[in-house]
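Me: Please take a close look at a single part of this model, and tell me how that part is built into its surroundings.

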Amino acid sequence: MLEALGDTAVSSGEHYNAIVRYTSALSLNPSNPVNILLKRSNSRASKGLWQDALTDANEVIKRDPSSHLGYERKHAALRGAEDYGEANNALLHMLSIIEKSPDEEIRRLLANYTSPRETIAAIDTAIHEIFTLCPLVLIDVTTGRLCNAPERIQMFKSETPFKKIVSETTMTKIDRAHIRQSVAKYFQWIMFSHTWEGKEPTFKDVNVVDSVWKLDESPLNKKLRQFCTTAREDGYRWAWSDTCCIDKETSAILSQSHIAMYTWYEKAAETLVYLADVLSSAELGDLALTKSRWMTRAWTLQELLASKVIRFYNRDWKLYLNDMHANHKESPEIKQELANAMGVAPETITSFQPEDLGVREKLRLASTRNATVEEDIAYSLIGIFSSDIAPRYGLGKTALGHLLENIVARTGDVTVIAWTGKSLSYNSALPASLAVYSQVPYSPPPMEDNELDTLVEQLRTQLAPQDALSFYYRIVHLPRATFSSRCLQLPCIMFYVTKIGAQELDGSWGNLYRATASFLGKVEFRTADVMPLTKPRKLVFVHPWLHDLRDHLDGFVSDDELEAESDVGSSDEEEAESDAGSGDGTDDASEPASPLHAEPSARVNPSTLALRLISRLGRTFNALLLEQQPNGQYKRVAAEHEIIVPGVPYQTNPKDIKARVLEIV
């Protein structure tokens, strides 16, 4: 009767009443109290009386050690008491009893449980996924020790969070998303962004004393410790600093770190930025962040753009402008200050992805940054450009050549060669410094639709349709620019220099020359190079900005579609090879054997598309000057200013204009 009254109370949610009833029933010394003990353990657990619930469970196990039910209640009580290690042991005992039971119906209960072994396998999978994205070494801010991946995993599996996940995943199907979220929470890390100010504490320095907290009292050691203190106060266990978390004496680790660093900042829970030269008294209108040294360093560009959550601290470790936003990228004032300083939209600050900005715009952002080590100018941009170059020190400016070559090779973007100044010895088409990309490259004035339509109708009466179409197909069939082994394969339109003379030598802006080029007429340019006028030279102006001629609204086939035509590239290369040494301004090219493989959209007929392209060629453009070498390759003649030429006269027969892929070294 008392047991039944307890059951009724449970069904009504009155667990305290049920506990009283079950206790009274047990006081009568029933011959088999196991069921009542199980029920009371359950009610006690429902009210959070974990120790009492555990006592009942242990009594059940004592009276009937062959039953899985006592271990089931013990597991529940221990898990509620947050003793996850013992809870998991109870679970293992329970599953072992079920598995060995002679009763088939009891053995079927195994299907209702997830074994710890399965859960641990799911946890290991989550750990592997997370560790492909996180730093190789992190600071444990509780102990100050540097911990590599195996050490962090070992610590995790010995601590409560791991045991809790295993204990939670028992009665249901494995929730892999929940497991990954729980594992990620344990391993989340905070990144440090700052400027180096001297002899910062290194990987070796910290390992010698075994903890950042044991470093001596130098100002730079204090900076690292204050970062760890702030991280710990904000609830983080793991922290990363470029000073001591990279073993820079091991080249493979240094290279791997440079390649992965963008991802480490991107995937971090937060980035803390320390502005050593910004005073606590700085106010909104002072633009102290904009003027800080941090905004001039090469590495900090990717640290700013990659980080999803960022907070700025002044020299006294107070929040910049006392801004209390959890993420300073969401602070209207700070976000706008950064956007104005960098010349980008505020959205670029808050949600940058490498594919969001064009090649030239990213180079512009990098053009104002500098680095102590020359190679870092290039290596700090690996993530921003999604590059796969392998960092290696001792290369000097060659590192910049590797990066720019890689950018062109992957994207085909020729705005990389739109610059003036000095050439890089790596390849004459590349600049000696990223600073030149602060220049805004020349862009021809826009052509209104009515102006374009008028020119098309005018050209329709002047040019033979077959000549226009032949030129059109030669242009659209040119492959995109490629770059490998220091050699740029540049598709372009060529204009041969027939005469050159000096106008001014040793000028403050370089030597001034005037050349006469096929179809372009007289062209003036300045270069630091001395052009020996008496020595025969094969010079050529080129128009490589074919994208400006190919308006996507015309319905041109895409580069990918053109590249899919295997016969196009080979025929162009053979044509270019056969004419590499010619300089007479003539062209015997004809329409491709099967022009249908470049069939444009039905919106505009091919003849009109051809005439539109030729019309655009008549606009002014920024020409590059090349000199042919004895082996048929070309070198760029670096100009001090852009060489702006008037464009091709509209009366020019397009069949006489050369379009080729040139090799530039």
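Reply: What follows describes one sheet, with most attention to one of its strands.

This is a predicted model, in which local features need pLDDT of at least 70 and side-chain atom pairs count only at pLDDT 80 or more, whereas totals for chains, interfaces and linings use all residues. Residues are numbered from 1 along each chain as its sequence is written, and side-chain values use heavy atoms, with hydrogens and water left out.

The sheet is open and consists of six strands in the order β2-β1-β4-β3-β5-β6, with mixed pairing; strands here are DSSP runs of E with at least two residues, numbered from the N terminus, and two of them pair if DSSP finds at least two bridges between them. At the edges stand β2 (145–148) and β6, each with a single partner strand, so one side of each is left without a neighbour in the sheet. With direction ignored, neighbouring strands are turned by 35° against each other on average, where the axes are lines fitted to C-alpha atoms and angles in general run from 0 to 180 degrees between N-to-C directions.

Strand β5 covers residues 270–274 and is mostly covered, five of its five residues being buried, a term that means under 20% relative accessible area, with exposed set at over 50% and partly exposed in between, for a 1.4 Å probe and protein chains only. In a regular strand the side chains alternate between the two faces of the sheet. In β5, Glu270, Leu272 and Tyr274 point one way while Thr271 and Val273 point the other way, and all of them are buried.

On one pairing of β5, the partner is strand β3 (residues 189–193), which runs in the parallel sense over four bridges, and in this pairing Ser193 has Val273 of β5 as its bridge partner. Strand β6 (residues 310–313) also pairs with β5 in the parallel sense, again over four bridges, and here Val273 stands opposite Phe312 in β6. Val273 is thus a convenient residue to follow across the sheet, being the bridge partner of Ser193 and standing opposite Phe312.

Elsewhere in the sheet, strand β1 (residues 137–140) and strand β4 (residues 238–240) pair in the antiparallel sense over two bridges, and the bridge partner of Ile139 in β4 is Ala239. The antiparallel pairing of β1 with β4 and the parallel pairing of β3 with β5 both belong to the mixed pairing of this sheet.
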